[in-house]
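Welcome, and thanks for taking a look at this one with me. Below are some notes to help you find your way around.

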Amino acid sequence: MRMLLQQCRNTIKRFLLPKTALAAPYRPLVPKMPPGGDIVEVVDISQDSAQAMMAARALQGHINRSGAKIYVHAVQSEKDWITDTAHFGGRTVTHLPLRDEKNPGLKTLLRQYQQVVKEYELYDTAKEWTFNLAMIKAGLADGLPVDAALRDDLLSTFAEKPIVDYSGIGSDRISGYTWAIEHLLPETQKEIVFLLGLRSSDWHYAPWMLYDYATACRAFLFHLDWMKPDERTLIQRILAQYAPRTPLMGYSGDCGDCFSPIASLNGLYGFAADYFPNASFWSSFPTRYGLRQERGRALQVTGGKVYVALYTSDGDNLSFNHRDLPKWLKDPAARYMPQGYSIDPILVELAPPLIEWAYQHLHSAIELTGGPSGLGYPDGGISDEQYDRWLQDNAFYMAQAGLTTAQMWNMGDCTSARVRQYLLSQPDIKGVFLDHHDGTNTYKLYKKQIAQNSSLIAAYPNDLKDRLSKVQAKPDAPTFVGYQTRADSITPTILKQLVDELHTAFPGKYVFLTPRDYLETLLMYETDKFSSTLAS
């Protein structure tokens, strides 16, 4: 184990600066759980029902609130992180044995920690809002959220506990959450709030995973539709109870990316994290500020060539950082295919081992970039005051995560005032790639920084190949283009195959660069061009 840890240190030596006593501008944005001991107890909940999985995660939050020592896994990516982090940095990992029974994961955890659960909170899945009422109360009262079937299953195995029935509260979302605002919201902690619940399309077989963090934080949860006026009014009423900068974590099962305006238009920071598991465990690790990546390197450019920057993203989705980023960085082709991979800088506080692992796997062809704008996902409709406050926080977290390029959404094209403000607020940022898809890759130079309009979001490999093949090289000048690729469809292996085909069809035409090298190259080209103009 010591040899493995030393190898990891040697691997990251040129990427990580010594740990420094850097202070955040305010308190940490996300709640931190207290560290546990040297032993981590791991529980497999993959054989449990959806209701039992969510209950197990709630119980995990209760336990980890007083010292993070429980880690659960339902999918392969959760299991992989145990070995990827070398058993959580060399801690003793104990896999609790399961019995041959219904819902073995939850029951194993309950046998070990029966004393933690004080009562059962009953909900009705047919009235999906009652699930959140039960989950909120579970966090407040160290309870366990159960539906009738799970309650009966547990009572057949364990001693009886008091049952508080939320299954009949409210006839619809409006009445249910109105009751919750009046009776539960005042009791919850206000450091964080969650947009979570039973998404009708898939909760039965793919339940969301963030519930351990919600109960650990004793927080409020809601699942309302921003696009419906009466539900929007309730959302605004809820979020008015929280100070600016408060994290809103989860996702919208109703309107998807409306998650962004739900957070930012109400002064909060949104973090898409519906499938981010074990946050009550990961947040217990020491915050990791002061990360640094390689500096960009400028290339001498020539006419007749097309210089390409590729950057993959699934938004600022923390679930993507947990589930998919490791797959891409482990892909052997990643070291041969220059590309940027989006990552949310809040990981320096929320899950330090995950971002440190990413740093261990950096390579000259691999760059970590800021997701939509960097910290969270601000909506273009936010006020100037909110935007100014966000710029300060974003600059801090981008710097601490070592991110010097970013993808920026919803803030206009490369000439917009907000793009200019963004760059001025972060002198270490070399440039941003914007979602203004004008098809020309227009860019603007801001002294020593670049803002460039992306051509498109290329969703599928053939789409990207077709677009690239149609880019016309100029015989007397270089051409610069940037593309965002979809992380769920274009893996490094697929991308390398596509690029190899382009090189075969158009020999010598394309030069692929990481975003940082691309921006340094473009900056040098523009600077030289300007100098030549002055000289003439």
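**Notes for a first look**

1. Let's begin with burial: 60% of the chain's 536 residues count as buried. Please keep in mind as you read that this is a predicted model.

2. On overall dimensions, a compact globule of 536 residues would have a radius of gyration near 24 Å, and the chain agrees with that at 24 Å. Along the principal axes, its C-alpha atoms fill a box of roughly 85 × 55 × 45 Å.

3. Next, the secondary structure and contacts. You will find 21 helices and 20 strands in the chain. Take the contacts between residues at least 6 apart in sequence: 80% of them join residues at least 24 apart.

4. As for the surface, the accessible area of the chain is about 20700 Å². Carbon and sulfur atoms account for 52% of that area.

5. Now to charge. The chain carries 54 positive and 59 negative charges, and the mean positions of the two sets lie 6 Å apart. The count of salt bridges comes to 24.

6. One salt bridge to look up is the pair Glu 294 and Arg 516, whose closest N and O atoms are 3.7 Å apart. Which parts of the chain does this pair link? Glu 294 sits in the loop between α12 (279-282) and β11 (306-313), while Arg 516 belongs to helix α21 (residues 515-535), so the bridge connects distant parts of the chain, 222 residues apart. Are its two partners buried or exposed? Glu 294 counts as buried because its relative accessibility is 11%, under the 20% cut-off. Arg 516 is buried too, with a relative accessible area of 2%.

7. Arg 323 and Asp 324 form another salt bridge, with 3.0 Å between the closest N and O atoms. Here Arg 323 counts as partly exposed at 33% relative accessibility, whereas Asp 324 is buried at 6%.

8. A further salt bridge brings together the side chains of Lys 470 and Asp 466, at 3.3 Å from N to O. Lys 470 is exposed, because its relative accessible area of 56% is over the 50% cut-off. Asp 466 has 33% relative accessibility and counts as partly exposed.

9. Finally, a group to view together: Glu 128, Arg 173, Glu 231 and Asp 254 are joined into one network by salt bridges that share partners.

Key
Residues are numbered from 1 along each chain as its sequence is written. This is a predicted model: local features need pLDDT of at least 70, side-chain atom pairs count only at pLDDT 80 or more; totals for chains, interfaces and linings use all residues. Side-chain values use heavy atoms; hydrogens and water are left out. A salt bridge is a side-chain nitrogen of Lys or Arg within 4 Å of a carboxyl oxygen of Asp or Glu. Helices (H or I, at least four residues) and strands (E, at least two) are DSSP runs, numbered from the N terminus. Buried means under 20% relative accessible area, exposed over 50%, partly exposed in between (1.4 Å probe, protein chains only). The radius of gyration is taken over C-alpha atoms; the globule rule is 2.2 Å times the number of residues to the power 0.38. Contact means heavy atoms within 4.5 Å. Accessible areas come from the Shrake-Rupley method with a 1.4 Å probe; for residues, only the protein chains shown count as cover. Lys and Arg count as positive and Asp and Glu as negative; His and the chain ends are not counted. The place of a charge is taken as NZ of Lys, CZ of Arg, CG of Asp or CD of Glu.
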